[in-house]
Amino acid sequence: MPATDAQPQTEAATPPVPAAPFIRPAQPDGSAPADEPVAYGGYPASVYFALVDQCAAQPDTERRQELAKAWFPNDADYSAFVRLVQGRRDRIAKDREAYEREEQEKHDDFARRQDAAREKVKRGKIERRMSGELDVAAQSFLDTFETGLMDIDQMLSRPRPQWLIDGVLCMDSIAWLAGPSNTFKTFLALDIAARAALGMTYHCDDRPMAMVRSLVIVAEGAGAYGDRIRGWEQKNQRKIPRDQVTFYPRAVQLSDLVVEMPALLAHIKRQKDQGTGYGLIIFDTQAMCTVGVSENDNTEMGVVMNALHQLREATGACILLVHHFGADNARGMRGATAIYAAATTVIAVQRKDGQKVVLSTRAPKGKQKDAEAMDAFLLGLERVGDVEERWSSLVPAKGTYSGSDIRVTPAVSDRQRLILSILADTDQVGGLGVSAIARHVSEEEGPNPNTGKPWAPSTTSSWMNTLVRKELVKKTGANYTITDLGREALNSQ
């Protein structure tokens with residue numbers, strides 16, 4: 001191929017020059033070195049191998065083939081050239097892999113040496129600390145620890161817990177106001193803050209309340225709070241002291257230990273130093289103040305609980321979080337066990353008879369750590385408003401304490417009702433085991449539609465556990481009996 005024919009079609013760094021036909025040298029691998037004074041395809045070896053390198057460096061396959069074809073239109077020459085280019089690319093790839101492997105080994109070796117050095121320093125620090133040498137932070141904690149040590153008499157002289165609501169909510173505590181959706185929890189939380197601002201009693205139960213200043217973190221529904229405040233003041237015929245309740249109309253993330261929580265702590269401490277500290281801090285709702293945190297994860301929620309304890313320690317306030325029950329209301333608050341474990345008080349809220357709610361601190365849904373549990377407190381809500389100004393709101397207004405006589409009757413499914421009726425009919429025999437219950441259900445309802453066989457005791461046991469959690473059934477040994485609440489649920493259907 002003449003050199004003048006190929007030159008316009010190529011991007012070779014070295015232009016082709018006329019040369020004698022290629023004479024293959026007697027090399028073991030059949031290739032010619034770059035300095036061999038022979039030529040191929042009309043080009044000297046130096047040009048030829050420069051073309052190989054140029055094509056091998058071309059990343060685009062089609063462009064590489066076009067470049068090779070421009071220089072070697074003859075099929076045999078083209079195929080031989082392409083094989084040589086591919087071989088060169090393979091060697092480049094192998095060289096690159098070897099280089100990257102070597103660099104990775106160097107990096108890994110450096111990282112290992114760094115880790116070993118850090119571990120050595122860490123072990124040295126630990127050994128020095130355990131031998132009595134403390135850094136500034138450890139020495140500061142030691143001073144705090146030794147200053148805070150108390151003997152028995154000092155512990156006995158510590159003041160008893162002070163109540164925000166006598167027997168219900170305690171100062172210097174973490175508490176939850178929790179219930180299913182649409183149980184007026186926000187109205188109840190605002191009512192507590194308003195009554196605390198005035199030092200009122202808690203409704204008709206004549207439970208005295210401490211007079212404290214409140215901070216309400218309104219993480220959702222801030223636009224409706226104005227009407228709720230107007231409604232409360234109209235119903236109670238008194239103004240909430242403007243300097244006693246402060247609102248922040250957006251969420252504060254309890255898990256943000258870098259920006260938001262340090263800033264909130266700084267504000268709270270500043271208010272306390274100025275003599276205007278908070279005695280009640282409400283987070284409405286917990287879910288909106290823990291965005292991105294898995295509330296079912298004890299480790300993640302443990303971080304949130306620690307942040308709440310820091311707030312409590314900084315203020316001595318009652319930290320009250322508005323939260324929701326899970327899908328199974330019988331289990332109470334949703335989320336990790338760390339939440340319930342951290343609570344001083346859980347006020348469980350259940351709706352009853354329209355615009356009425358029942359409050360309880362009795363386990364398993366509620367909790368009262370430092371006093372006798374409040375079994376049931378029936379509280380009504382009234383709607384007030386102004387037609388001309390076009391606003392209205394619900395306001396907690398009527399309370400009645402009647403002990404365990406006030407309770408919410410759980411709704412039951414058809415199968416649960418069937419099981420309750422079976423237990424009610426056989427109550428005189430001392431209850432039934434799961435095998436007998438499974439047999440009765442199979443006789444009444446028919447076999448398991450998925451298997452065509454009678455219901456298995458293992459499946460029945462799961463049904464019974466749900467009824468026990470709802471307090472509709474009591475388990476004694478291996479037998480189940482219906483409770484008074486279960487009879488009430490059965491008769492109410």
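**From a buried glutamine to two cavities**

The side chain of Q368 reaches the backbone oxygen of G167 at 3.2 Å. The model is predicted, and this glutamine is a good place to enter it. Q368 sits in strand β12, which covers residues 367-368. Its side chain has another polar partner: the side chain of T345, at 2.8 Å.

Is Q368 buried or exposed? Its relative accessibility is 12%. Buried means under 20%, so Q368 counts as buried. Its surroundings can be listed. Neighbours within four places in sequence are set aside here. Q368 is then in contact with W163, G167 and V168, with T344 and T345, and with T361 and A373. Two of these names have come up already: G167 offers its backbone oxygen to the Q368 side chain, and T345 meets that side chain with its own.

V168 leads on to the next feature. This valine is in contact with Q368, and V168 also helps to line the largest cavity. How many cavities of 30 Å³ or more does the whole structure hold? A search finds two.

The largest encloses about 50 Å³ of space. Its lining is made up of I165, V168, L177, L188, I192, Y202, I347, L359 and M374. By class, that lining has nine nonpolar residues, no polar ones and no charged ones.

The second largest cavity holds about 40 Å³. Around it stand F187, L190, D191, R228, W232, L394, V395 and P396. Three elements each give two or more residues to this lining: α7 (185-198), α8 (225-236) and β14 (391-401). Here the classes are six nonpolar, no polar and two charged. D191 and R228 are both in this lining.

Further along the chain comes helix α13, residues 434-445. Its length can be checked. The helix has twelve residues, and at 1.5 Å a residue it should span 16 Å. The expected span is 1.5 Å times one less than the number of residues. In the model, the end C-alpha atoms are 16 Å apart, so the geometry agrees with the expected span.

Which residues of α13 are buried? They are A436, I437, A438, V441 and S442. The cover over these buried residues includes two helices, α12 (414-425) and α14 (457-469), and the strand β16 (479-482). After α13 comes G446. The phi of G446 is positive, near 100°.

How values were computed. Residues numbered from 1 in each chain as written. Predicted model: local features only at pLDDT ≥ 70, side-chain atom pairs only at ≥ 80, totals over all residues. Heavy atoms only, no water. Helix = DSSP H or I, 4+ residues; strand = E, 2+ residues; numbered from the N terminus. Buried < 20%, exposed > 50% of the residue type's maximum accessible area, 1.4 Å probe, protein only. Contact = heavy atoms within 4.5 Å. Polar contact = N/O pair within 3.5 Å; in protein donor to acceptor, adjacent residues only side chain to side chain. 1 Å grid on protein atoms, 1.4 Å probe; cavity = no way out; pocket = protein on both sides within 12 Å on 5 of 7 lines; lining within 4 Å. Points joined across faces, edges and corners; volume = space filled by probe spheres on them. Nonpolar A, V, L, I, M, F, W, Y, C, P; charged D, E, K, R; others polar.
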